[in-house]
Amino acid sequence: MIIVGVDGSHAALEAVGWAVREAELRGVGLRVVHIMPAWAFEMPEDAPHAEVGRWMRGGATDTLAQGVQRAQAEGRAVGVESLLLPGDPRLGLIGAAEDAELLVVGSHGLGGFLGMLVGSVALGVAGHTSCPVAVIRATPTGQDAPGAAWGGPVVVGVDGSPAGAQALAFAFAEASRRGAELRAVHAWSGPVIEGAPGLLTSAGERQGGEQRVLAEALAGWGERHPDVKVTAQAVNGHPVDALKEASAGTGLLVVGSRGRGDLKGLLLGSVSHSLLHHAYCPLVVVPPRRPSGE
C-alpha cells in the first residue's frame with residue numbers, strides 16, 4: 001500500500017498523480033489520506049456551534065474526494081481508497097504509513113508560509129517514518145521546472161552510511177521498475193594539496209580513496225539488478241551542491257535520511273534536510289533499517 005497525504009493544495013494533488021503511477025509500478029493499492037482538526041472531527045451534533053464542525057467535516061470530505069478524483073483521472077489500474085483522520089497532519093500521516101511501502105506528500109501545502117521552499121508537513125514526516133517518504137514539488141503555473149519527466153534517470157546519493165545502503169536498495173529497485181538508468185553520486189569535500197608530502201593527503205590519493213568508497217558501496221548490486229545500467233560518479237564538492245545539480249533533468253533523487261557526518265540521534269540529516277528544500281525533482285528520503293524487535 002502507498003499512502004498519499006492531501007490538503008487541497010496544488011502540490012498535494014501533484015503528489016497524488018505521482019503516487020498513483022508509483023502504485024501501478026509496484027502493483028499495490030493507493031490510500032488517499034486527509035488529516036483534519038480533532039475538535040471538528042469529534043464535535044457532537046448537539047454541541048454549541050455544531051454547524052462549524054459540520055462545515056469543516058464537509059470541507060475535509062471534499063478534499064478527500066478531490067484527491068481520489070485526481071488519482072482516478074490518471075487512468076491507472078490501481079485500487080484507490082480514502083481515509084479521513086483527526087489530529088496533527090504530521091503525526092497522523094506518520095501513523096497512517098506505519099505498514100506502508102511508501103508515504104507521498106506534496107512539498108508545500110495550504111498551511112505553509114509564502115516564500116517557504118518546503119512545508120512543515122514534508123519536513124515533519126521525512127526521517128520520522130518507518131517507510132521511505134517521497135516529497136513531490138509541484139511545477140509553478142506557467143513555469144518550466146528543471147526536473148525531467150517521470151521516465152528520467154534515477155539518482156542516488158552514496159556515502160557509505162547504513163541509511164545510504166538502504167537508499168541504494170530503494171534506488172536500484174526503483175530504477176529496475178522504471179527501466180531507467182541509475183546514477184550513483186558520491187560527493188566529498190575537504191582540503192587536499194596536489195603532491196603534498198608527509199601526512200597530508202594529495203588530491204590524487206583522496207580521489208582514489210573516495211572512488212573506492214563508492215565502488216565498495218555499489219559492490220554486489222549489479223548482480224542483484226543486472227537489468228539496471230549504472231553510472232558511478234565521485235565528485236569533489238559539497239554533497240548538497242552535487243546532488244542538487246544532479247537532480248536537474250532527472251526523474252527521481254534518492255537519499256538516506258541521515259549520513260555519516262550527522263550527529264547521533266538526528267532523525268533527518270543536514271544533506272537530506274537541505275535537499276528537501278532545493279532538489280529540482282521528486283525526492284525520496286529512505287530511513288535506515290530498523291533493528292529487529294523495534
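**Reading a predicted fold, feature by feature**

Visitor: Let's start at the end of a helix. Which residue follows helix 3, and is its phi positive or negative?

Guide: That would be G75, with a positive phi near 70°. Keep in mind that we're looking at a predicted model.

Visitor: What is the phi of H49, and where does H49 lie?

Guide: The general idea first: most residues other than glycine have a negative phi. Here, H49 isn't a glycine, yet its phi is positive, about 60°. H49 sits in the loop between helix 2 and helix 3. H49 also counts as exposed, because its relative accessible area of 56% is over the 50% cut-off.

Visitor: Back to helix 3. How far apart are its end C-alpha atoms, and what span should we expect?

Guide: The check is to multiply 1.5 Å by one less than the number of residues. For the 24 residues of helix 3 (residues 50–73), that predicts 34 Å. The end C-alpha atoms are 35 Å apart, so expectation and model agree.

Visitor: Which residues of helix 3 are buried, and what covers them?

Guide: For burial, look for a relative accessible area under 20%. In helix 3 that picks out A50, G53, R57, A60, T63, L64, G67, V68 and A71. Their cover includes helix 1 (10–26), strand 2 (30–36), helix 2 (38–41) and strand 3 (80–86).

Visitor: Strand 3 is in that list, so let's take S82, which lies there. What is S82 in contact with, beyond its neighbours within four places in sequence?

Guide: Setting those neighbours aside, S82 is in contact with V32, L64 and V68. Notice that L64 and V68 are among the buried residues of helix 3. S82 itself is partly exposed, because its relative accessibility is 41%. You can also compare sequence with space: S82 and T61 are 21 residues apart along the chain and 9.5 Å apart C-alpha to C-alpha.

Visitor: Now E22 in helix 1. Buried or exposed?

Guide: Buried, because its relative accessibility is 0%. Its side chain has a partner, too: a polar contact of 2.7 Å joins it to the side chain of R26.

Visitor: How do I read the nonpolar core, and which members touch the most others?

Guide: Think of buried nonpolar residues linked through side-chain atoms within 4.5 Å. The largest such core has 44 residues, and L30, V104, V156 and V254 touch the most other members. Helix 1 supplies the largest share, seven residues. A second, separate core has 31 residues, including I35, A126, V135 and L276.

Visitor: What does V156 touch, leaving out residues up to four places away in sequence?

Guide: V156 touches A167, L168, A171, L182, R183, A184, V185 and V254.

Visitor: L276 came up in that second core. Which residues of helix 10 are buried, and what covers them?

Guide: In helix 10 (residues 270–278), the buried ones are S272, L275, L276 and H277. Helix 5 (120–125), strand 5 (133–136), helix 9 (239–247), strand 9 (252–256) and strand 10 (283–286) are included in their cover.

Visitor: How many disulfides does the structure hold?

Guide: Zero. As for two of the cysteines, C131 is buried because its relative accessibility is 2%, and C281 is buried because its value is 3%.

Visitor: And the whole chain? How many helices and strands are there, and what percentage of residues is buried?

Guide: The chain has ten helices and ten strands, and buried residues make up 44% of its 294 residues. Among contacts with a separation of 6 or more, 78% come from residues 24 or more positions apart. The accessible surface is about 14200 Å², with 55% belonging to carbon and sulfur atoms.

How values were computed. Residues are numbered from 1 along each chain as its sequence is written. This is a predicted model: local features need pLDDT of at least 70, side-chain atom pairs count only at pLDDT 80 or more; totals for chains, interfaces and linings use all residues. Side-chain values use heavy atoms; hydrogens and water are left out. Helices (H or I, at least four residues) and strands (E, at least two) are DSSP runs, numbered from the N terminus. Buried means under 20% relative accessible area, exposed over 50%, partly exposed in between (1.4 Å probe, protein chains only). Contact means heavy atoms within 4.5 Å. A disulfide is a pair of cysteine sulfur atoms within 2.5 Å. Accessible areas come from the Shrake-Rupley method with a 1.4 Å probe; for residues, only the protein chains shown count as cover. A polar contact is a pair of N or O atoms within 3.5 Å; within protein, one must be able to donate a hydrogen and the other to accept it, and residues adjacent in sequence count only if both atoms are side-chain atoms.
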